[in-house]
Amino acid sequence: MTTWVPMLKSLHVACVAASLALFTVRGAWMLRAPERLRVRWVRVVPHVVDTLLLASAVALAFLLRIDPLTHGWLAAKIAGLCAYIVLGTVALKRGPTRGIRAAALAAALAVYAYIVTVAITKSPAGPLAWL
């Protein structure tokens, strides 16, 4: 089973990068050219990438026997993911004004950075673990 781990980790990291790129582009389009958000691939591809991202994360946790109840850093990533999803929804769809959407976009990107640093440091402190 562990022969799948390197491949799944590579897939997971690639999906992290692709998801961030797609979210950033959609955020920029939301601010500058919202009509671009209605194009079919823009509505489909991010969901496919995010599904692969989540599936690879669950598979890695299962194969490596990492339990979020005993590994605080994984629980922190899951909590960060929930915050990111809410902020991303406000940024791209539900924010009533452009200003609120822009603030939610910035906050979502900050949460994304936190999630990545938690993954790198394996600490719930995220970037503060480097201090």
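**Exercise 1.** In what order do the elements of the protein run from the N terminus on?

*Solution.* The model is a predicted one, in which local features need pLDDT of at least 70, side-chain atom pairs count only at pLDDT 80 or more, and totals for chains, interfaces and linings use all residues. Residues are numbered from 1 along each chain as its sequence is written, and side-chain values use heavy atoms, with hydrogens and water left out. Counting DSSP runs numbered from the N terminus, with H or I of at least four residues for helices and E of at least two for strands, one finds four helices and zero strands in the protein. Read from the N terminus, the order is therefore α-α-α-α.

**Exercise 2.** State what percentage of the residues in the protein is buried.

*Solution.* A residue is buried when its relative accessible area is under 20% (1.4 Å probe, protein chains only). Of the 131 residues in the protein, 32% are buried. The C-alpha atoms, taken along the principal axes, fill a box of roughly 45 × 35 × 20 Å.

**Exercise 3.** Describe how helix H3 is placed against helix H4.

*Solution.* Begin with the axes, which are lines fitted to C-alpha atoms over the stretch in contact, with angles running from 0 to 180 degrees between N-to-C directions. The axes of H3 (residues 72–94) and H4 (residues 98–121) come within 8 Å and cross at roughly 160°. Because angles over 145 degrees count as roughly antiparallel, H3 is roughly antiparallel to H4.

How values were computed: Buried means under 20% relative accessible area, exposed over 50%, partly exposed in between (1.4 Å probe, protein chains only). Angles under 35 degrees count as roughly parallel, over 145 as roughly antiparallel, 65 to 115 as roughly perpendicular and the rest as oblique.
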